[in-house]
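Trainee: Mind if I pick your brain about this one? I'd like to go through it piece by piece.

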Amino acid sequence: MNDNTFVNHPPEVPVPADSRPLVAPIYQSVKFSFDDSRETLRFLHGEREGFFYSRNSNPTLRQLELTLAQMQGREECLLVGSGVATIAATLLSLCKHGDHVLAFVESYGPTRYIVQHLLAKYGVTHTLLSIEDLTGIERVLRDTPTRLVVFESPTNPVTKIADIEHLTTHARRAGCLTVMDNTFAGFHNHGAYDVDIFLHSLTKYASGHGDVMGGAIIANRPLIAAMRKDVVSMGPTLDPHAAFLIQRGLRTYFLRYERECANALAVSRYLHGHERIARVFYPGLETHPQHALAKRQMKDFGTVVSFELDGGFDQGNRFADALRLFSITSSVGSTESLVMPPQLLGGQEFTAEQRAASLIGRGTVRLSIGIEEAADLIADLEQALRGAFT
Ligand SMILES: Cc1ncc(COP(=O)(O)O)c(C=O)c1O
């Protein structure tokens, strides 16, 4: 065999069954091959276990799927290349022409875009309410046949808390599916509620280090099996190396999340007492209007703290520019702290009524709290607040 042939057929290195790696290898292979055509056909007909083509399934992805399904308290998981891909794939897979969807003003921007523009192209109608409008939710679910309701809690950026039991009870009664983007609350929250489908951006807390993107759709076996067919056909597969990095990040998920929550509480308590801050939004504060609901629904209160700065865009920008430990950028759930000044918080397309419901004002600032020392974060916030007003 010539070397140019040989390098395309490298030697196999069998690993004995009793010599196990503690970290599973990355199956960075697009293709898997059986011994002969008969076995290949048996696999393709669902008559035997195995892997064949990584757009459909891959052992590295499978390990991550099993881990995330268990963490969220459901049977099955389907991985895709980003958090947004979970939303698009789920809604496109579950809805058809003539269906109606209930979504919320407080929903993540791309979720609203998918509902209002992408689904609309295929004849799917929608209603957009405030997540706080409980009577509106009851009315829509009672009066309008609805295929699914898609929601988040805590919401971005002002950490409103959805009443999950209220939503799931009325949705179940109406025969409507519930889809919860649980990215902000994490896999350890909300699993006990009667939610049909959980979505997560793995770009955030799961991987935790801001160096990889991914998304997970988590539900019972029949729902994922039905969705897997559609989603695999659309092709938004996660790469095995990305799955490996996310699996590695998960080892410190609970440590990071716990530390970030403790820091977020310390930061929100500091901000709450500040004379230049009109209002602090953090569900862990007793002054948060839905603190009791958050306490009932969640094991902790999340890592996002927002507040209304006295002043407007200028003060918000000056404050963000003066921060040294918080980088101005989107995303949450990284080990380092981040800030979004008011002009970057989106919602430009809102009507006046929707803007009022969103609670995003000209002085709203969002912080994503990292794992640094709380005292250092507070000192940085203090000097930046001083800088913003002098
Ligand atoms: C609640 C929520 N869902 C989904 C996403 C999208 O995730 P990704 O950036 O991985 O597409 C984000 C990103 O900020 C988010 O905040």
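**Ligand, rings and cysteines**

Mentor: Sure. Keep in mind that this is a predicted model. Let's start at the ligand: one of its oxygen atoms is 2.9 Å from an N or O atom in the side chain of Lys204.

Trainee: How much of the ligand does the protein bury?

Mentor: Start with the ligand taken alone, which exposes 390 Å². With the protein in place, the share of that area that gets buried is 90%.

Trainee: Which residue has a side-chain N or O atom 2.5 Å from an oxygen atom of the ligand?

Mentor: Don't mix it up with Gly83, where a backbone N or O atom lies 2.8 Å from a ligand oxygen. For the 2.5 Å contact, the side chain belongs to Thr203.

Trainee: How many charged residues does the shell around the ligand have?

Mentor: The residues surrounding the ligand include Tyr108, Asp181, Phe184, Lys204 and Met213. Sorted by class, the shell has four nonpolar and six polar residues, and the charged ones number two.

Trainee: On to the rings. What kind of aromatic pair do Tyr253 and Phe254 form?

Mentor: A pair of aromatic rings is described by the distance of the centres and the angle of the planes. Tyr253 and Phe254 are 4.9 Å apart centre to centre, with 90° between the planes. Planes over 60 degrees apart get their own label, so this pair is edge-to-face.

Trainee: Which of those two is buried, Tyr253 or Phe254?

Mentor: Buried means under 20% relative accessible area. Phe254 has 48%, so Phe254 is partly exposed. With a relative accessible area of 0%, the buried one is Tyr253.

Trainee: Which residues form one aromatic cluster with Tyr253 and Phe254?

Mentor: The count for the structure comes to nine aromatic pairs. In the cluster that holds Tyr253 and Phe254, the other members are Phe187, Tyr205 and Tyr257.

Trainee: Last one: how many disulfides does the structure hold?

Mentor: A disulfide is a covalent bond between the sulfur atoms of two cysteines. Take Cys95, which is buried at 11% relative accessible area: the closest cysteine sulfur is in Cys176, 9.7 Å away, and that is too far for a bond. Cys77 is buried too, at 0% relative accessibility. For the structure, the number of disulfides is zero.

Methods:
Residues are numbered from 1 along each chain as its sequence is written. This is a predicted model: local features need pLDDT of at least 70, side-chain atom pairs count only at pLDDT 80 or more; totals for chains, interfaces and linings use all residues. Side-chain values use heavy atoms; hydrogens and water are left out. A residue is near a molecule or strand if one of its heavy atoms lies within 4 Å of it. A polar contact is a pair of N or O atoms within 3.5 Å; within protein, one must be able to donate a hydrogen and the other to accept it, and residues adjacent in sequence count only if both atoms are side-chain atoms. Accessible areas come from the Shrake-Rupley method with a 1.4 Å probe; for residues, only the protein chains shown count as cover. Ala, Val, Leu, Ile, Met, Phe, Trp, Tyr, Cys and Pro count as nonpolar, Asp, Glu, Lys and Arg as charged, and the others, Gly among them, as polar. Rings of Phe, Tyr and Trp (its six-membered ring) pair if their centres lie within 6.5 Å; planes under 30 degrees apart count as stacked, over 60 as edge-to-face and the rest as tilted. Buried means under 20% relative accessible area, exposed over 50%, partly exposed in between (1.4 Å probe, protein chains only). A disulfide is a pair of cysteine sulfur atoms within 2.5 Å.
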